[in-house]
Amino acid sequence: MVFGINFSQTGEYAHLPNFGSINHALNDTFSPGRILAQIILLQTFYYFTAIMLFSVMATLSGMNFTFDWLFSWEPVRIDNALGLSLMALWGTVALISVAFITIVVGRSKLAWDFAVTVHLFNLIFCWFYTGRFPTNLWWWFLQIASCLLMVGLGTYTTRWRELRDTFFEGLVDPEMGNSKSSDIHNPAPTESIALQEISK
């Protein structure tokens, strides 16, 4: 064996490695590398959407944007306008993240995994940012509601995408192009007979 190539002792053809299987492994939906990239991308979209919405709210209300709105569980309350606004915006972020799950993940079996992972990382980031484990019941209520929303809608939209792709793939006939090309290069018998009579 030299560089992954097996040579037979009788001098026959060498058995080359199956590069197709290697590419399939790299592009596999369940490969660890691809799942890690999707987690990072989805988490980035999640916080980027929240920053954009919070910035718009700060501009319209005349307040200064702070990362406490993003990584702290203390401002999430129902006894003031800021807390209610943050809860509404986090719900909007969850709705927009459903579209990200549909585009980035695209698999109904993995939708709930990514939705739960996003909120798990959010819990970890909030814990480290504040230095305390979240004890705000309204913050926990918001996280659970947001997670359930992303799991339910994400599973539905990714399943719809899978069914749509399967439907359109069934409409495509891969042998149609081959049959047309064979007809061009191999004329019908009646045409060949007519050409022979003209030549005579």
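How much area does the protein chain expose, and what share of it do carbon and sulfur atoms supply? In this predicted model, the protein chain exposes about 13700 Å², and 68% of that area is supplied by carbon and sulfur atoms.

**View 1. The protein chain as a whole, built from helices.**
The secondary structure of the protein chain amounts to 8 helices and 0 strands, so that, read from the N terminus on, the order of elements is α-α-α-α-α-α-α-α, which follows the DSSP runs. Of the 200 residues in the protein chain, 28% are buried. When contacts between residues at least 6 apart in sequence are considered, 69% of them join residues that are at least 24 apart.

**View 2. The spans that UniProt annotates as transmembrane region.**
An unreviewed UniProt entry places the feature "transmembrane region" at residues 44–67, 87–105, 112–131 and 137–156. Among these spans, residues 44–67 are 75% helix and 0% strand in the model, with the end C-alpha atoms 15 Å apart. Residues 87–105, another of the spans listed in that record, are 100% helix and 0% strand, and here the end C-alpha atoms lie 26 Å apart.

**View 3. Asn136, in the loop between α5 and α6.**
The loop that holds Asn136 runs between helix α5, which covers residues 108–130, and helix α6, which covers residues 137–171. Asn136 has a relative accessible area of 14%, and because this value is under 20%, the residue is classed as buried. From this position the side chain of Asn136 reaches the backbone oxygen of Trp73 at a distance of 3.0 Å. Once residues up to four places away in sequence are set aside, Asn136 touches Trp73, Glu74, Val76 and Arg77, so Trp73 appears both in this list of contacts and as the residue whose backbone oxygen the side chain reaches, with contact meaning heavy atoms within 4.5 Å.

**View 4. Gln143, within helix α6.**
Gln143 is part of helix α6, the helix that spans residues 137–171. The relative accessible area of Gln143 is 7%, and the residue therefore counts as buried, since the cut-off is under 20%. The side chain of Gln143 forms a polar contact with the side chain of Asn122, at 3.1 Å. Leaving out neighbours within four places in sequence, the residues in contact with Gln143 are His119 and Asn122. Asn122 is thus a partner of Gln143 in the polar contact between side chains and is also listed among the contacts of Gln143.

How values were computed
Residues numbered from 1 in each chain as written. Predicted model: local features only at pLDDT ≥ 70, side-chain atom pairs only at ≥ 80, totals over all residues. Heavy atoms only, no water. Helix = DSSP H or I, 4+ residues; strand = E, 2+ residues; numbered from the N terminus. Buried < 20%, exposed > 50% of the residue type's maximum accessible area, 1.4 Å probe, protein only. Polar contact = N/O pair within 3.5 Å; in protein donor to acceptor, adjacent residues only side chain to side chain. Areas by Shrake-Rupley, 256 points an atom, 1.4 Å probe, with all protein chains shown as cover. UniProt positions renumbered as here; feature names shortened; annotations may be inferred.
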